[in-house]
Amino acid sequence: YAIANAGAGVITVLLVTGLVIISEAGIPLRRPTWGRTKDFLRYAIKTQLSWAMELVNYQSDKIVIAFAVGPAAAGSYDLANRVAFAVRQIGILPSMTLLPTLTAELSQRGMDHLRNSYERLTELIVSVAFPFLWLAGALAPLLLGAWLSHVPRDATVVLPALAFAYLANVS
């Protein structure tokens, strides 16, 4: 597991480096301008807050379910949510791969250019993400059965509900 994570980290660094080289026409080894620094800090703060809120959101629901319904329901929810969350991550991958390019475009062309590209980019991301989420919802019993030797009864209902709910989240 550790080797797989290390390999994934190395691949990520190589891909991001390649995207930066392509979008910047080389490795940018200069002091950033004040405008670019402000944009980067604003983006970094928003991203960190988003991740923190996501962490609270994905952990607090299990506690509420455990107290309201019971530990077995919370366990079923957690198992189904892991699959749905993994599929959601695949769905948002296009938006994450676009970030270096969009950051470069923001600094070179300004926010108006990004606002004009918003609809096209949203359609692109949704066209990649939605099929994965639809398939996960439709194939929930098969996915969970391939992953687990014993599938909790409620998990096959929760996975489609979460996968379909993530459609709004991804878009």
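This report describes the fold, the surface and a few individual residues of a predicted model.

## Overall fold

The secondary structure of the chain in this predicted model amounts to six helices and zero strands, and the pattern read along the sequence is accordingly written α-α-α-α-α-α. Among these elements are helix 2, which covers residues 34–68, helix 3, which covers residues 71–109, and the pair formed by helix 5 (140–147) and helix 6 (155–170), with a loop between them.

## Dimensions and packing

The radius of gyration of the chain is 19 Å, whereas a compact globule of 171 residues would have a value near 16 Å. Taken along the principal axes, the box filled by the C-alpha atoms of the chain is roughly 55 × 35 × 30 Å.

Buried residues make up 26% of the 171 residues of the chain. When contacts between residues at least 6 apart in sequence are considered, 69% of them join residues that are at least 24 apart.

## Surface and charge

The area that the chain exposes is about 11,600 Å², and 70% of this area is supplied by carbon and sulfur atoms. The chain carries 13 positive and 10 negative charges, and the mean positions of these two sets lie 8 Å apart.

## Two buried polar residues in helix 3

D78 has its place in helix 3, and it counts as buried because its relative accessibility of 18% falls under the 20% cut-off. The side chain of D78 is joined to the side chain of K62 by a polar contact of 3.1 Å.

N81 is likewise placed in helix 3, and with a relative accessibility of 5% this residue also counts as buried. Leaving aside residues up to four places away in sequence, N81 touches Y58, L162 and Y166. Since helix 2 comprises residues 34–68 and helix 6 comprises residues 155–170, the contacts of N81 with Y58, L162 and Y166 can be placed against those two ranges when the structure is inspected.

## The region of helix 5 and helix 6

G145 belongs to helix 5 and counts as partly exposed, with a relative accessibility of 38%. The C-alpha atoms of G145 and T156 are 9.4 Å apart in space, and the two residues are separated by 11 residues in sequence.

D154 lies in the loop between helix 5 and helix 6, and its relative accessible area of 28% makes D154 partly exposed. Along the chain D154 and A72 are 82 residues apart, yet a distance of 9.0 Å separates their C-alpha atoms.

## An exposed position in helix 2

V64 is found in helix 2, and it counts as exposed because its relative accessibility of 53% is over the 50% cut-off. From V64 to V128 the distance is 33 Å, C-alpha to C-alpha, while the sequence separation of the two residues is 64 residues.

Note on methods. Residues numbered from 1 in each chain as written. Predicted model: local features only at pLDDT ≥ 70, side-chain atom pairs only at ≥ 80, totals over all residues. Heavy atoms only, no water. Helix = DSSP H or I, 4+ residues; strand = E, 2+ residues; numbered from the N terminus. Rg over C-alpha atoms; globule rule 2.2 N^0.38 Å. Buried < 20%, exposed > 50% of the residue type's maximum accessible area, 1.4 Å probe, protein only. Contact = heavy atoms within 4.5 Å. Areas by Shrake-Rupley, 256 points an atom, 1.4 Å probe, with all protein chains shown as cover. Lys, Arg positive; Asp, Glu negative; His and termini not counted. Charge placed at Lys NZ, Arg CZ, Asp CG, Glu CD. Polar contact = N/O pair within 3.5 Å; in protein donor to acceptor, adjacent residues only side chain to side chain.
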